[in-house]
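The following explanation leads the reader through a molecular structure, part by part. It begins with the nucleic acid and then turns to the protein.

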There are 2 protein chains.
Amino acid sequence: MSKLLHNYNNAEPQLIAVDCIVFGVEDNQLQLLIFKREVEPLAGEWSLLGSFVKPNEDVSAAAKRVLEELSDLKDIYMEQLHCYGNVDRDSGGRVISIAYWSLIRVNQTHEEFHAENHIAKWVPIDQIPKLVLDHGKMVEDAIEHLRERARFHPVGFELLPEEFTIPQLLKVYEAIFDHKIDDRNFRKKLLKSDLLIQLPKKDKTTSKKGSFLYKFNQETYERLLQSGYNFEF
Amino acid sequence: MSKLLHNYNNAEPQLIAVDCIVFGVEDNQLQLLIFKREVEPLAGEWSLLGSFVKPNEDVSAAAKRVLEELSDLKDIYMEQLHCYGNVDRDSGGRVISIAYWSLIRVNQTHEEFHAENHIAKWVPIDQIPKLVLDHGKMVEDAIEHLRERARFHPVGFELLPEEFTIPQLLKVYEAIFDHKIDDRNFRKKLLKSDLLIQLPKKDKTTSKKGSFLYKFNQETYERLLQSGYNFEF
DNA sequence: TCAAAAGTGTTATTACTACACCCATGT
DNA sequence: ACATGGGTGTAGTAATAACACTTTTGA
């Protein structure tokens, strides 16, 4: 039915790809997952991981497929970033790319990432090498978007295991916003917000005293969403 | 070069469209520009205005083309909203659509909108009729995005002529956020922010006393952007 | 006992909310 | 003179920012 609405007669089909920007936190730093082809051609070139969208596949499903082929992680936080559609963005021909970004809990399981014919590597976001095509621009946009989003949405929690300590969370937010955060004010605001549920156990891996484990309070969050809670610290 | 990176062999081209969500403020209400086909088939169905993306055309250029074909407005505020890519979103076949949203200064010139074979019409956003395909969902998303964006970016000014009064601006923000705003607090915050430059003249079209005309201070805005100025009222 | 990380309170400043009356002018 | 919309100030409350010491415990 929409053929005439859109004037199908003049339409020419084009190649559509997805590219995934994957963030994680390791060594108290915000890191990006990048890939280097091991085999010719393009051996040695760094890029994001992507794929063409199949004719019978939702665009978002293509992005999920790329991530799932990468590791066996489930329930990955993933969002569409932007459609990159300049004619000359891909030197190999006209390819429109829909970029997705995701957050991965690196510390939790420390799984291996394996992409066929690619070496996967985490790099701190201030040490990203030159990437192919417009992937550098995509990453730049994704970082900006992540920071913007983190101001009003609890993305910090997506980068940590389900049970985490306040010092861990603090370091995640320091990594995202790239500045030191006053830890007394951080605690005060968080604890007052009722966004954390304290668990009756401690994590002693990073200190002798040990620090309390918490989990995220989804109900409180949904309440705060309405009122525009500010996650900046 | 990217042919092998992306594995071009398995790739099949697909149809790509753009659809435009156009907002304006009229009668102190946030309004949406929608279109009804006058001729068969699909006569009487309301929709957004869209077009297919040409092979030698940037996606953003396609969106601009759609807007420019609509009226002779220049320098329209336009942003990409989202890529809608579900397989079955278009009942006429697989079409991936990139939605763009824009803000138009309606009051200023009150120009006519003319789309070939379509009747253009402004409708208040709480009275939008059923739209074809997933256009209703696009509009929903665009409204949410506009409100989100308006909290930290001066989108209110995009909906008014270059010279405007504080009462006008207040009404625009009331329309966007859909609630009454205290006018003393609104003025106080705006005037303190240095975002407005007062002009040595008054607009007397709406009152006998007349109210001062202002223009937007771009320099102040760019300074405030860094520090995360909050445009909520 | 000491090193290393966890945890705790107060004060000053700034932003936000609520609220009611006078002003200027054209008719 | 009066009706209409434009303009102004204050006080209470809430959020934010700056800042230094004590606690716990494994080695």
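Of the 19 residues around DNA strand C, those that come nearest are A:R184, A:R187, A:K188, A:F212 and B:K188. On the side of the nucleic acid, sugar and phosphate make up 46% of the atoms of DNA strand C that come within 4 Å of the protein. The model from which these values are computed is a predicted one.

Three individual approaches to DNA strand C may be picked out. A polar backbone atom of A:F212 is 3.1 Å from a phosphate oxygen of the strand. From chain B, a polar side-chain atom of B:R184 lies 3.2 Å from a base nitrogen of DNA strand C, and B:N185 likewise places a polar side-chain atom 3.1 Å from a base nitrogen of that strand. A:F212 thus meets a phosphate oxygen through its backbone, whereas B:R184 meets a base nitrogen through its side chain.

Which elements supply at least two residues each of the surface near DNA strand C? They are α6 (183–193) and β10 (211–216) of chain A, together with α6 (183–193) of chain B. Among the contributors, α6(B) gives the most, with five residues. By class, the residues of this surface divide into 12 charged, five polar and two nonpolar.

The second strand can be described in a similar order. DNA strand D has 18 residues around it, and B:R184, B:R187, B:K188, B:K209 and B:F212 come nearest. Of the atoms of DNA strand D that come within 4 Å of the protein, 42% belong to sugar and phosphate.

Here, too, particular side chains approach the bases. An N or O atom in the side chain of A:R184 is 3.3 Å from a base nitrogen of DNA strand D, and for the side chain of A:N185 the corresponding distance to a base nitrogen is 3.0 Å. Chain B takes part through B:K209, whose side chain has an N or O atom 3.3 Å from a base nitrogen of DNA strand D.

The surface near DNA strand D receives at least two residues each from α6 of chain A and from α6 and β10 (211–216) of chain B. Its largest share comes from α6(A), which supplies four residues. The class counts for this surface are 11 charged, five polar and two nonpolar residues. Taken together, the two descriptions show α6(B) giving the most to the surface near DNA strand C and α6(A) giving the largest share of the surface near DNA strand D.

Attention now passes to the way in which the two protein chains meet. In this interface, 53 residues of chain A are in contact with 52 residues of chain B. The area buried between the chains is about 4500 Å², and carbon and sulfur atoms give 62% of it. How many salt bridges does the rule find across the interface of chain A and chain B? The count is zero, while 17 residue pairs are found in polar contact, with both residues at pLDDT 80 or more.

On the side of chain A that touches chain B, at least two residues each are supplied by α1 (2–6), β1, β4 (49–52), α2 (59–70), β5 (77–84) and β6 of chain A. The largest share, five residues, comes from α1(A). This side of chain A has 23 nonpolar, 18 polar and 12 charged residues.

The last part of the account concerns the interior division of a single chain. Chain A is divided into domain 1 (2–137) and domain 2 (155–227), and the C-alpha centres of these two domains lie 30 Å apart. In the contact between them, 13 residues of domain 1 of chain A meet 10 residues of domain 2 of chain A. The two domains bury about 1000 Å² between them, 66% of it on carbon and sulfur atoms.

One salt bridge is counted between domain 1 and domain 2 of chain A. A salt bridge joins the side chains of A:R105 and A:E158, with 3.5 Å from N to O. Three residue pairs are also in polar contact between the domains, both residues being at pLDDT 80 or more. On the side of domain 1 of chain A that touches domain 2, the elements giving two or more residues are β1 (15–26), β2 (29–37), β6 (95–104) and α3 (106–109) of chain A. The residues of that side comprise seven nonpolar, five polar and one charged.

Methods: Residues are numbered from 1 along each chain as its sequence is written. Chains are lettered from A and ligands numbered from 1 in the order in which they are written. This is a predicted model: local features need pLDDT of at least 70, side-chain atom pairs count only at pLDDT 80 or more; totals for chains, interfaces and linings use all residues. Side-chain values use heavy atoms; hydrogens and water are left out. Domain bounds come from an automatic or database domain assignment. Contact means heavy atoms within 4.5 Å. Buried area is the accessible area (1.4 Å probe) that two parts lose on being put together, summed over both. A salt bridge is a side-chain nitrogen of Lys or Arg within 4 Å of a carboxyl oxygen of Asp or Glu. A polar contact is a pair of N or O atoms within 3.5 Å; within protein, one must be able to donate a hydrogen and the other to accept it, and residues adjacent in sequence count only if both atoms are side-chain atoms. Ala, Val, Leu, Ile, Met, Phe, Trp, Tyr, Cys and Pro count as nonpolar, Asp, Glu, Lys and Arg as charged, and the others, Gly among them, as polar. A residue is near a molecule or strand if one of its heavy atoms lies within 4 Å of it.
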